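Open the structure in a viewer and keep the selection panel at hand. The stops below can be taken in order.

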Amino acid sequence: MKLSRDALIADPIWRRREAGCKSGLDMTETQLTTQAWRDRDLAHFLHPFTDHAALRSDGARVIVRGDGAYVFDSEGARILDGLSGLGNVALGYGRKELAHAAAAQMAELSYCQSFFKTTHPTAIALAEKIAALLPGDALNHVFFQSSGSEANETAVRAVRRYWELVGRPERRVIIARERAYHGSTAMAASLSGLKPMHGAGGDIPLPNVAHIKAPHYYAHGAGMTPEAFGLVAARWLEEAIETIGPDKVAAFFAEPAQSAGGAIAPPPGYWAEIQAVCRRYDILLCVDEVVCGFGRLGAWFGSDALGIEPDIVQLGKALTSGYAPLSATVLSDRVADALIERGGEWAHGFTYSGHPMCCAVALENIRLIEDEGLIERVAARIVPRFSRAIETFADHPIVGEARSIGLMGGFELARDRKKREAFPHELHVGEYCSAEALKRGLAFRANGDTMTLMPPLIITDDQFDFVFAVVRESLDATARKFGLMD
Ligand SMILES: Cc1ncc(COP(=O)(O)O)c(C=O)c1O
């Protein structure tokens, strides 16, 4: 059945369904059993960040549908997505407005390259909108890519190009942090401070990348007040600059709060001091807002929430609520002016830089966040409840520390909470806890032995209560399993 363009724009998804065409699959394929999906999955789909031997023995969970805060698997189980996908599905699943925006843009202009003095209205409108939303009045120049990793690649290239153009080519070294996650391409993995990534092939880390310790109070702050620790942790940046040589350092890369590293909230005073150090040494500050951007910390950006003034900002994930792959690297006037006025052609870009459909989805996503007052709701109503709920776990027998910032929460599992002693890695305690939660209908991710929660911005009161009831049951079950509770 062929549909007219007008009909598609009017109601594309539901009409496609009527036409018997669901998700591009033959209808008979949607009837396959879970086992059949698993067999086919193993044969050809190589999964990211996966232990393939474990996948072979356990099989994948097959997710077939999403609606609001929930996803549904091929066995009919309903799972509340306590992680918002990978921290990206801010608006939840199945929003028709976003599907319609995508379909309308594809019908109007499905693709437009932006290399050869060519542009299109949707990318222009989105760049304008992002520049207007970001804090301060200097972050005005938006470069688009498809992923957060690429946003960081672009930021590194912009930093190094900037220093070359202003006559300081010896400024090459990028300082990042342990437990940071900046993505999986070669440079983004190098910036990341998660050790297993550096052993995973590709001669990573690449040269001229250094790491300082994370501002992780639980791990490094024993015997200090959080305020004192904030200053100590910021001083690690200054020490690294002095050791490397101030003339060699190009930039500091950091997430406002570290999500994949285990929901690490910066201690009080940390960011103000980091900002001061960067200014003192004239180091560019590149803030990876891929997770914190678009509401996660109860403000449009983590930089708003924490008073950061970046030279470059990397955005991704909730920019489209996960409905389309899109990221953006936003350069301040200082950096962009050098590139534009002195640089000639900047030999950098992607086929899908500013893809029309992705930009249309992002614009609609931002419109929905604004029209529904989601960030205000999250800040005023959800975040205070979230932090209170997390605090109730502070003395749980298996929790060394329960912490949160905005709608990002972490539970550090500990064998001996008083001594802050972790479980041996081989016990996979976090994975056990995660499986207990999944059995009860909650996706509750384990980053090593730090359990992480990042619910969607649209979470309702009932869903909120369900999440914390399951978190408690899962932590209790894990504590019993590992001998910390009767
Ligand atoms: C802070 C941060 N930066 C960058 C990335 C990489 O984004 P992507 O997976 O889209 O490449 C991630 C992904 O989780 C992230 O959490």
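What follows is a tour of a predicted model, one selection at a time.

**Stop 1: the ligand**

Start with the ligand and show what surrounds it. Its shell counts 14 residues, and the nearest are Ser147, Gly148, Ser149, Gly183 and Val290. Coloured by class, this shell shows seven polar, five nonpolar and two charged residues.

**Stop 2: strand 5 and its partners**

Select residues 173-177, which make up strand 5. Is this strand enclosed or open? Four of its five residues are buried, so strand 5 is largely enclosed by the rest of the structure. Now add residues 249-254, strand 7, which runs parallel to strand 5 and is joined to it by three bridges. One pair to label is Val173 with its bridge partner Val249 in strand 7. Strand 6 also pairs with strand 5 in the parallel sense, over four bridges. Here, label Ala176 and its partner in strand 6, His211. In a regular strand, side chains point to the two faces of the sheet in alternation.

**Stop 3: the loop before strand 6**

Stay with strand 6 (209-212) and go back along the chain to the loop that separates it from helix 10 (195-198); Gly199 lies in this loop. Gly199 counts as exposed because 7 other C-beta atoms lie within 10 Å. For a sense of scale, draw a distance from the C-alpha of Gly199 to that of Ser84: the two are 28 Å apart in space and 115 residues apart in sequence.

Pro205 belongs to the loop between helix 10 and strand 6 as well. The peptide bond between Ile204 and Pro205 is cis, with omega at about 5°. Asn208, also in the loop between helix 10 and strand 6, has a positive phi of about 65° without being a glycine. Most peptide bonds are trans, and most residues other than glycine have a negative phi. Asn208 counts as partly exposed because it has 16 C-beta neighbours inside 10 Å.

**Stop 4: Ser321**

Next, select Ser321, in the loop between strand 9 (312-315) and strand 10 (327-332). Its phi is positive, about 50°, although Ser321 is not a glycine. Is Ser321 buried or exposed? Ser321 is buried, because 29 other C-beta atoms lie within 10 Å.

**Stop 5: two crossing helices**

Show helix 6 (residues 96-108) and helix 16 (residues 356-371), whose axes come within 8 Å and cross at roughly 145°. The crossing is right-handed. On helix 6, the residues that meet helix 16 include Leu98, Ala101 and Met106; among those they face on helix 16 are Met357, Val361 and Leu368. By class, the residues of this contact are nine nonpolar, two polar and two charged.

**Stop 6: the open sheet**

Finish with a sheet of four strands. In what order do the strands of this open sheet lie? The order is 11-12-15-14, with antiparallel pairing. Strand 11 (399-405) and strand 14 (445-447) are the edges, each pairing on one side only. On average, neighbouring strands are turned by 25° against each other, direction ignored.

Two helices pack on this sheet. Helix 17 (residues 374-391) touches strand 11 and strand 12 (408-413), and its direction makes about 175° with that of strand 11. Helix 18 (residues 429-439) touches strand 12, strand 14 and strand 15, at about 175° to the direction of strand 14.

Last, zoom in on strand 14 and strand 15 (residues 450-453), which run antiparallel and are joined by three bridges. Asn447 stands opposite Thr450 in strand 15.

Methods: Residues are numbered from 1 along each chain as its sequence is written. This is a predicted model: local features need pLDDT of at least 70, side-chain atom pairs count only at pLDDT 80 or more; totals for chains, interfaces and linings use all residues. Two strands pair if DSSP finds at least two bridges between them. Axes are lines fitted to C-alpha atoms, for helices over the stretch in contact, and angles run from 0 to 180 degrees between N-to-C directions. Two residues are in contact if their C-beta atoms, placed from the backbone, lie within 7 Å. A residue is near a molecule or strand if its C-beta atom, placed from the backbone, lies within 6 Å of it. Ala, Val, Leu, Ile, Met, Phe, Trp, Tyr, Cys and Pro count as nonpolar, Asp, Glu, Lys and Arg as charged, and the others, Gly among them, as polar. A crossing is left-handed if the near helix is turned anticlockwise from the far one by less than a right angle, and right-handed if clockwise. A residue is buried if 20 or more other C-beta atoms lie within 10 Å of its own, exposed if 12 or fewer, and partly exposed in between; C-beta atoms are placed from the backbone.
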